[in-house]
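Here is a short note to read alongside the model. Keep the viewer open and find each part as we come to it.

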Amino acid sequence: MKQALIILLALAARPTTAQNAWTVQQCMQYAVEHNHEVKQAELQLDNYRVQKTKAVGSFLPYVDAGIGAQYNFGRAIDPETNGYTDVSTFYNGYQLQASLPVFDGFSRLHALKAAKAGELMGRASLRQQQDLTALDVLQAYTNVAYYEGLVSMAGEKVQETTLLLKQTRLLEEVGRKSAADVAQVESQQAEADYELTRQQNLHASALLELKKAMGFPIGDSLSLTPSPSPKERGVESSSADDYCKSNHSPLLGRGAGGEALARYQMEAAKHEWRQARASLFPTLSLSAGLSTTYFRTLHSETAASFNNQFKNNMGEYIGATLSIPLFNRLQTVTNIRKAKNNYKIAHEAYQQRLLELEKLSREAWQDWQGYLKQTAQMEKKVEADSLAYQLTRRQFEEGLSTAIDLHTTGSQLLKSKATLLQCRLMAMVKEQLVRYYKGEQIWTE
């Protein structure tokens with residue numbers, strides 16, 4: 001009954017474990033949704049949108065209303081006679097006015113264009129931060145997968161050396177092996193146990209780093225699905241020119257910024273420069289309004305009613321204002337020069353980032369192709385080292401080789417397997433980098 005219950009519990013636990021296994025795409029998607037720097041970029045994008053709304057609002061008329069009340073006592077001017085009086089009075093005024101700039105040298109138009117470029121720059125910055133976060137998670141995921149593979153290899157090595165130690169002790173009992181051979185195999189087993197413990201610690205540290213990069217709860221368990229090899233992914237490669245199209249990529253590598261981000265910064269700087277030049281032109285604005293007042297001498301019963309005064313004192317006006325800039329202590333000239341220099345700086349930065357992107361994209365493609373070739377070569381080497389280890393072990397069992405020879409071939413096989421695993425994982429990383437430099441979104445299914 002107990003055995004049946006254990007089997008049922010084991011079968012019930014299997015789907016849960018498989019369901020909770022995370023792929024690299026799921027890890028990157030989770031990180032993009034929970035990363036704090038991404039959320040900051042989203043808020044910054046909203047600020048750019050607010051700036052655009054403000055620029056649109058500058059084309060609308062400005063309307064304001066005012067109400068004033070004044071209590072006079074002692075010597076003051078009588079609003080009815082414009083003469084001095086020493087009685088207490090109460091004065092109440094109402095005003096409604098509107099103004100609209102008609103021409104300002106197209107300053108508002110360039111401000112709107114700069115705000116639109118700023119919004120696009122915010123979108124590019126958000127996209128860049130999302131991709132940089134995804135790349136951090138990809139690197140951390142690769143490290144976890146690498147150490148996970150080393151832990152598996154170290155565990156197999158422990159089992160193998162344990163079995164070899166039993167065989168060597170049996171051979172010692174029948175006189176085919178010496179005590180020195182047994183001691184050497186025991187040393188190899190201890191070394192395998194040490195290596196397993198060391199790789200387990202490195203795997204645990206890499207897993208913590210992955211959780212940190214993802215924004216994943218540190219105390220929760222996180223299991224990963226094995227990464228497919230390049231052959232299983234069906235990778236096809238042709239030439240660097242097919243993959244490295246810098247003019248289509250909106251991004252650059254870490255620390256260099258994005259191509260689209262630099263381009264929109266240049267556009268915003270250009271319109272800010274034109275906006276600064278607009279201050280050289282005269283400005284024309286129209287205004288209109290109406291106002292009315294209510295006046296009352298306190299302790300007097302002869303004052304007109306509020307309704308009559310509000311209607312009779314009503315006045316309207318309309319006007320136009322032309323402002324011609326003549327001299328403002330060279331502020332306009334210096335602002336124009338500074339804005340022009342900022343535009344030139346942004347243009348040079350954009351050209352520099354295009355060159356950097358071309359270099360980085362071609363390097364990523366070359367590294368990808370190199371790791372694909374190294375993977376194929378290491379697969380052949382692992383097969384050869386595995387055959388050499390099996391032959392050396394058989395010779396050791398027959399007394400034709402020493403434990404040192406067995407240890408040497410075993411270490412060489414383990415090193416080859418680790419290198420093969422590294423090549424496969426790096427080929428996957430470089431493939432994602434090639435997609436990244438092409439402008440593809442790498443963190444979605």
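**Notes on the cores and one helix**

1. The largest nonpolar core (buried Ala, Val, Leu, Ile, Met, Phe, Trp, Tyr and Cys residues joined through side-chain atoms within 4.5 Å; buried means under 20% relative accessible area with a 1.4 Å probe, protein chains only) has 37 residues. Those with the most contacts inside this core are Trp 22, Val 137, Leu 210, Met 214, Leu 222 and Leu 224. At least two residues each come from helices H2 (24-34), H4 (107-173), H5, H10 (331-398) and H11 (403-438); helices here are DSSP runs of H or I, at least four residues, numbered from the N terminus. H4 gives the largest share, 8 residues.

2. This is a predicted model, where local features need pLDDT of at least 70 and side-chain atom pairs count only at 80 or more, while totals for chains, interfaces and linings use all residues. Residues are numbered from 1 along each chain as its sequence is written, and side-chain values use heavy atoms, without hydrogens and water.

3. Which residues does Leu 224 contact, leaving aside neighbours within four places in sequence? They are Ala 21, Trp 22, Cys 27, Tyr 141, Val 144, Glu 148 and Leu 210, where contact means heavy atoms within 4.5 Å.

4. A second, separate core has 13 residues, including Val 185 and Cys 423.

5. Now look at H5 and H11: their axes (lines fitted to C-alpha atoms over the stretch in contact, with angles from 0 to 180 degrees between N-to-C directions) come within 9 Å and cross at roughly 25°. H5 is therefore roughly parallel to H11, a label for angles under 35 degrees.

6. In that pairing, Asp 181, Gln 184, Val 185, Gln 188 and Glu 191 of H5 meet Ala 403, Ile 404 and His 407 of H11.

Key
Buried means under 20% relative accessible area, exposed over 50%, partly exposed in between (1.4 Å probe, protein chains only). Angles under 35 degrees count as roughly parallel, over 145 as roughly antiparallel, 65 to 115 as roughly perpendicular and the rest as oblique.
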